[in-house]
Amino acid sequence: MIQDPRFHASESLRGAPYVVQQTTPRGLTLLEVILAIAILGGCMTVIGELVRMGVRHAEEAREQTKAQLLCESKLEEIAAGVTALESASMVPFELDPEWTYTIESASLDEQGLIQVRVTVQPAESDRLHPIAFTLTRWMLDPNLALGEDSTGSITEGQTQPSGGGDATN
């Protein structure tokens, strides 16, 4: 007897053979295909959003790092005497005019020390919360260290960082 693969024969309790049709389907139904495509589309949407968020956060980190480097650079220029210790507001950097800096100085209770605060931020920003970075340093007052010299320059070795950087966003 030749058997059709769709059917198989089995015997009943009395020994007489009977034919049972196979009930498992061999392919996917349309509903299963549509459901699989919907799940795949949802997963792709979530992954796309995660990639977009990752790119945005990478840009913010890059801009924050640039602001920090520019701020440290400007504060070191002030400490070295390259840049005059004068209050300034929203002055563009010479090498990177897309960024501006603000310099604030204040006397401290300790005689001969001043507090210098430098804040760096983009010149124009369309962000809700723009990137900004601030560092504060205590240093010797250049006017007292030079004995009220009219040049206003600071010679090497006369500035000492005695306070840590105060980084704010």
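**Helix α1**

I began with α1 in this predicted model, and I noted that the helix has 51 residues and reaches 75 Å from its first C-alpha to its last, close to the 75 Å expected at 1.5 Å a residue. I then looked up the confidence by element and found that α1 (residues 30-80) has the highest mean pLDDT among the elements of the protein chain, 94, whereas strand β1 (residues 7-11) has the lowest, 54. Just after α1 I came to Gly-81, whose phi is positive, near 90°.

Which residues of α1 are buried? I listed Gln-64, Ala-67, Leu-70, Cys-71, Lys-74, Leu-75, Ile-78 and Ala-79. I followed their packing and found that the buried residues of α1 lie against β4 (99-107), β5 (113-122) and β6 (133-140).

I also searched the surface for nonpolar patches and noted one formed by Leu-40, Met-44, Ile-47, Val-51 and Val-55, which together have about 490 Å² of accessible area. I checked one member of this patch, Ile-47, which lies in α1 and counts as partly exposed because its relative accessibility is 47%, a value between the cut-offs of 20% and 50%.

**Salt bridges**

I counted four salt bridges in the structure, and I wrote down three pairs in detail. As background, side chains of opposite charge can pair when their charged atoms come close.

The pair of Asp-96 and Lys-66 has its closest N and O atoms 2.7 Å apart. Since Asp-96 is in the loop between β3 (88-92) and β4, while Lys-66 is in helix α1, this pair ties together parts that are 30 residues apart in sequence. I compared the burial of the two partners: Asp-96 is buried at 13% relative accessibility, whereas Lys-66 is partly exposed, with a relative accessible area of 36%.

The pair of Arg-137 and Glu-76 likewise has its closest N and O atoms 2.7 Å apart. Here Arg-137 belongs to strand β6 and Glu-76 to helix α1, so the salt bridge joins parts that are 61 residues apart in sequence. I found Arg-137 buried, at 13% relative accessibility, and Glu-76 partly exposed, at a relative accessible area of 42%.

Where do Lys-74 and Glu-77 lie? Both are in helix α1, three residues apart, about one turn of the helix, and in their salt bridge the closest N and O atoms are 2.9 Å apart. An α-helix has 3.6 residues a turn, so residues three or four places apart point the same way. I noted that Lys-74 is buried, with a relative accessible area of 8%, although Glu-77 counts as partly exposed, at 27% relative accessibility.

**Asp-141**

I next went to Asp-141, which is found in the loop between β6 and α2 (142-145). Is Asp-141 buried or exposed? Asp-141 is buried, because its relative accessible area is 17%, and the cut-off for buried is under 20%. Leaving out residues up to four places away in sequence, I found that Asp-141 touches Gly-112, Leu-113 and Ile-114. I also took the C-alpha to C-alpha distance from Asp-141 to Ala-106, which is 9.9 Å for two residues 35 apart in sequence.

**Met-90**

I looked through the backbone angles and stopped at Met-90, which is not a glycine but has a positive phi of about 55°. Most residues other than glycine have a negative phi. Met-90 is placed in strand β3, and I recorded the residue as partly exposed, with a relative accessible area of 38%.

**The chain as a whole**

I closed with the totals. The protein chain has two helices and six strands, and along the sequence they follow the pattern β-β-α-β-β-β-β-α. Of its 169 residues, 21% count as buried, and the chain exposes about 12,500 Å², of which carbon and sulfur atoms supply 57%. Among contacts with a separation of 6 or more, residues 24 or more positions apart account for 44%.

How confident is the prediction over the chain? The average pLDDT is 78, and 72% of the residues score at least 70. I marked residues 149-169 separately, since pLDDT, the predictor's confidence in each residue, stays under 50 there, and the model has 33 contacts beyond four places in sequence for that stretch.

How values were computed:
Residues are numbered from 1 along each chain as its sequence is written. This is a predicted model: local features need pLDDT of at least 70, side-chain atom pairs count only at pLDDT 80 or more; totals for chains, interfaces and linings use all residues. Side-chain values use heavy atoms; hydrogens and water are left out. pLDDT is the predictor's confidence in each residue, from 0 to 100. Helices (H or I, at least four residues) and strands (E, at least two) are DSSP runs, numbered from the N terminus. Contact means heavy atoms within 4.5 Å. The expected span of a helix is 1.5 Å times one less than its number of residues. Buried means under 20% relative accessible area, exposed over 50%, partly exposed in between (1.4 Å probe, protein chains only). Patches are made of residues with over 30% relative accessible area and no salt bridge: like charges are joined within 9 Å, nonpolar side chains (Val, Leu, Ile, Met, Phe, Trp, Tyr) within 5 Å. Accessible areas come from the Shrake-Rupley method with a 1.4 Å probe; for residues, only the protein chains shown count as cover. A salt bridge is a side-chain nitrogen of Lys or Arg within 4 Å of a carboxyl oxygen of Asp or Glu.
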